[in-house]
Amino acid sequence: MKLDPTVCVFGEDVGHYGGSYKVTKGLADMFGDLRVLDTPIAENSFTGMGVGAGMKGLRPVVEGMNMGFLLLAYNQISNNCGMLHYTSGGQFKIPVVIRGPGGVGRQLGAEHSQRLESYFQSIPGLQMVACSTPYNAKGLMKAAIRSENPVVLFEHVLLYNLKEKIPDEEYVLCLEEAEMVRPGEHVTILTYSRMRYHVMQAAKTLVDKGYDPEVIDIRSLKPFDLHTIGNSIKKTHRVLIVEECMRTGGIGASLRSAIIDNFWDYLDAPIMCLSSQDVPTPYASTLEDATVVQPAQIVAAVEQICQ
Amino acid sequence: MAALWLARASSQLARRAARRHPPLRRPSRHGGEPASPWLLGPAAQPPVLGSPPLPAAERAFRRGFCSVRSFAGESSAAAASDEEEPENGFAGGDQQALDFPGGKVSLVAEMNFLPESHGERISCYRVLDDDGRTISGSRFQEVSKEVALKMYSEMVTLQIMDNIFYEAQRQGRISFYLTSNGEEAINIASAAALSADDIVLPQYREPGVLLWRGFTLQEFANQCFGNNMDYGKGRQMPIHYGSNRLNYFTVSSPIATQLPQAVGAAYSLKMDKKDACAITYFGDGGTSEGDFHAALNFAAVMEAPVIFFCRNNGWAISTPTTEQFRSDGVVVRGQAYGIRGIRVDGNDALAVYSAVHAAREMAITEGRPILVEALTYRVGHHSTSDDSTKYRPVDEIEHWRTARDPISRYRKWVQGNDWWSDSEESELRNRVRKELLQAIQVAERMPKPPVTELFTDVYDQIPSNLREQEQLLRDTIMKHPSDYPTDVPV
């Protein structure tokens, strides 16, 4: 926001309140009430506002208080955000960033535990990225704001408290690139967002058991970084996808399909995909834990694949 | 000029409103000398930067009594409230005030519900009578002969364009069309009152605004035929025009989605402190969408310079306004959001021109949204996919097409000023007709956009997956050329 006066923020309670997860804390004091705008509760409308402002030359960052609420903005996101650059023949661009906390938290109930990446992935014209560490959150946010395309940036409710030493100076990560978290030889584990941490936890156990997993945080959910993913598969020949989406129509489903289309000849085993079940996320903590892929399941899956 | 009309309107409104029920006063967000000062003391106000407390004398004068927002001055409203005993039993006098978030309100011991309507319908601003003569005592924004004639000729052009393109669809030359029959005054007169920098976010029945700004008949035809000269590159249905050069946002079919976008555009103008406003058009049906509610609410809260222009033409496809809402039309809703509004005769070019001119001035200089409800009639069918004789009487349509035609009414005024003659009329109509037929012929013969354009502009740069998909399509076309049209370049 300091570098570019056209960058502005819209959302509920993003101003003096600092945002539901304090992502915009202090910004209203620095940049004023107009550039960090508190909106009334109307997601479709403030997203629409973002589209209109973007078409006019601003670079709005639209926050959904919880990503799940952006389902109310689905029309503006798909029919307008994703489409207007195309239907106007390239005359109008919509460089908005739509972001917010999503994913399964701790007992937040079904409506606050949505994984919108599965619902949005079909929309042409949108780009989707998921951050998972303080380092990639900063780099991806900057890249998303600079992008001329509408970008949906998925943050996770349980990852805001992570602490990491990151460079003070400017750096911009590539929106379309995946991140190599742990190189390995035996199996390619593809994951993103919070599941990265469950995978790394499982990786510790796996290493003790003698396995050498390669862990890739795909980061770019649309489009997939098939270059990095492909190189990994060509090396390990086995793939495990670990995601938080529901089984049906999730990122895993699309990723599986893309891998089969492109790297069928390199696979020595069927692609395994661990996802949440096709149920709304329950409130009770034991039930909720059962819907999220746990490290023990990941270990078991790797053992099965590597037989 | 604006102040005079406002004073008239406001005193009328004030008297009527004070008679019915104690209307609310809008709190001000401007510092210094407020246009609409805070109502009853600062204490209970929501956190707003720089709002001054009402001076004690003012508070005493109000006697804890809500008074109508007076645009040009307090006197008329105050006088009205002093003279008349409100019907709803909200008595003045020494009532205590109750303190709640949002401000102080006076209490009343009698239980009374606000009526569902004002009783009388909000009256309609009109300048020209049915015979094209200015109504005596009417006040309106003067237009030069040049502008007046341009308005007239563009209204005629729009009408002829509609007729010819409609016929072209019937002949199977284009797939779809919708007309603005009966709404030519709304289209052209509103456009004439705007500046080229004002941003237009249309619904789909406002091609006249684009026409006024200089979109040529050929450009219209190119879009309708979806040829390679179409700025939309053949991606949208006919009539979904767009031109960033002319500040006319590309039409998007879903209803009212452009309303919150207009607030966003206005927000951007406000950030840049530009001498321009946003204007967005929608029909009576569009006011039922959730986006209408939220956009008006947002615009009011954010003090965005946007004109909400409602073309209340009586019909949303087959739904008449009696089934669309139960309020007194659309203008009354403005007040619910704290937005100033006006009802205008949409078939009166001079009235529409004046209203938009004033609305624009207020929107920009005062940083506020304005609601304009133009009453009119949709003379044509909803579109070429509709036959409106199935749900409304033919003689009703005929009546509006002839006796209430905005073009002939305005023509009478223009001819009454000796600015126009019958020979110029026939010359104009012949010329436009010829030009249109020519444009259609040219557009029809032009090649369609190539297959590459199927994949460009989805993103700013073509990503690899789309490149792959394009290659796949090309390979398929090469293998089976007889299955694909010959006039689409690969």
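**Helix crossings and odd backbone spots in a predicted model**

Author: In this predicted model, the axes of α7(A) and helix α11 (residues 295-305) of chain A cross at roughly 55° and come within 8 Å.

Reader: What makes α7(A) oblique to α11(A)?

Author: Angles under 35 degrees count as roughly parallel, and 65 to 115 as roughly perpendicular. The angle here is roughly 55°, and that makes α7(A) oblique to α11(A). As for handedness, the crossing of these two helices is right-handed.

Reader: Which residues of α7(A) and α11(A) make the contact?

Author: From α7(A) you have His198(A), Val199(A), Gln201(A), Ala202(A), Thr205(A) and Leu206(A). On the other side, α11(A) brings Pro295(A), Ile298(A), Val299(A) and Val302(A). Sorted by class, the contact of α7(A) with α11(A) has seven nonpolar, three polar and no charged residues.

Reader: Over in chain B, why is α4(B) called roughly parallel to α7(B)?

Author: Helix α4 (residues 145-170) and helix α7 (residues 217-225) of chain B pack at about 30°, with axes 12 Å apart. Angles under 35 degrees count as roughly parallel, so that label goes to α4(B) and α7(B). Here, too, is a handedness to note: α4(B) passes α7(B) in a right-handed crossing.

Reader: What do α4(B) and α7(B) meet with, residue by residue?

Author: Thr157(B), Met161(B) and Phe165(B) come from α4(B), and they meet Leu217(B), Phe220(B) and Ala221(B) of α7(B). The residues of that contact divide into five nonpolar, one polar and no charged. Thr is not among the residue types that count as nonpolar or charged, so Thr157(B) goes down as polar.

Reader: Back to chain A. What is unusual about phi at Ser193(A)?

Author: Most residues other than glycine have a negative phi. Ser193(A) isn't a glycine, yet has a positive phi of about 55°. You'll find Ser193(A) in the loop between β8 (187-191) and α7 (195-208) of chain A.

Reader: And which peptide bond is cis, from Lys222(A) to where?

Author: To Pro223(A), with omega near 5°. Most peptide bonds are trans. Pro223(A) sits in the loop between β10 (220-222) and α8 (226-236) of chain A.

Reader: What does UniProt place on these chains?

Author: On chain A, an unreviewed entry has "domain: Transketolase-like pyrimidine-binding" covering residues 1-162. That span is 32% helix and 18% strand, with its end C-alpha atoms 23 Å apart. On chain B, an unreviewed entry places "domain: Dehydrogenase E1 component" at residues 154-451. This one is 46% helix and 11% strand, and its end C-alpha atoms lie 36 Å apart.

Reader: How confident is the predictor in chain B, by pLDDT?

Author: Chain B averages 85, and 81% of the residues score at least 70. Watch residues 16-93 of chain B, though: the pLDDT there is below 50, although the stretch has 129 contacts in the model beyond near neighbours in sequence. The model scores ipTM 0.78 and pTM 0.79.

How values were computed
Residues numbered from 1 in each chain as written. Chains lettered and ligands numbered in written order. Predicted model: local features only at pLDDT ≥ 70, side-chain atom pairs only at ≥ 80, totals over all residues. Heavy atoms only, no water. UniProt positions renumbered as here; feature names shortened; annotations may be inferred. Helix = DSSP H or I, 4+ residues; strand = E, 2+ residues; numbered from the N terminus. Axes fitted to C-alpha atoms, helices over the stretch in contact; angles between N-to-C directions. Parallel < 35°, antiparallel > 145°, perpendicular 65-115°, else oblique. Left-handed = near helix turned anticlockwise from the far one by under 90°. Contact = heavy atoms within 4.5 Å. pLDDT = per-residue confidence, 0-100.
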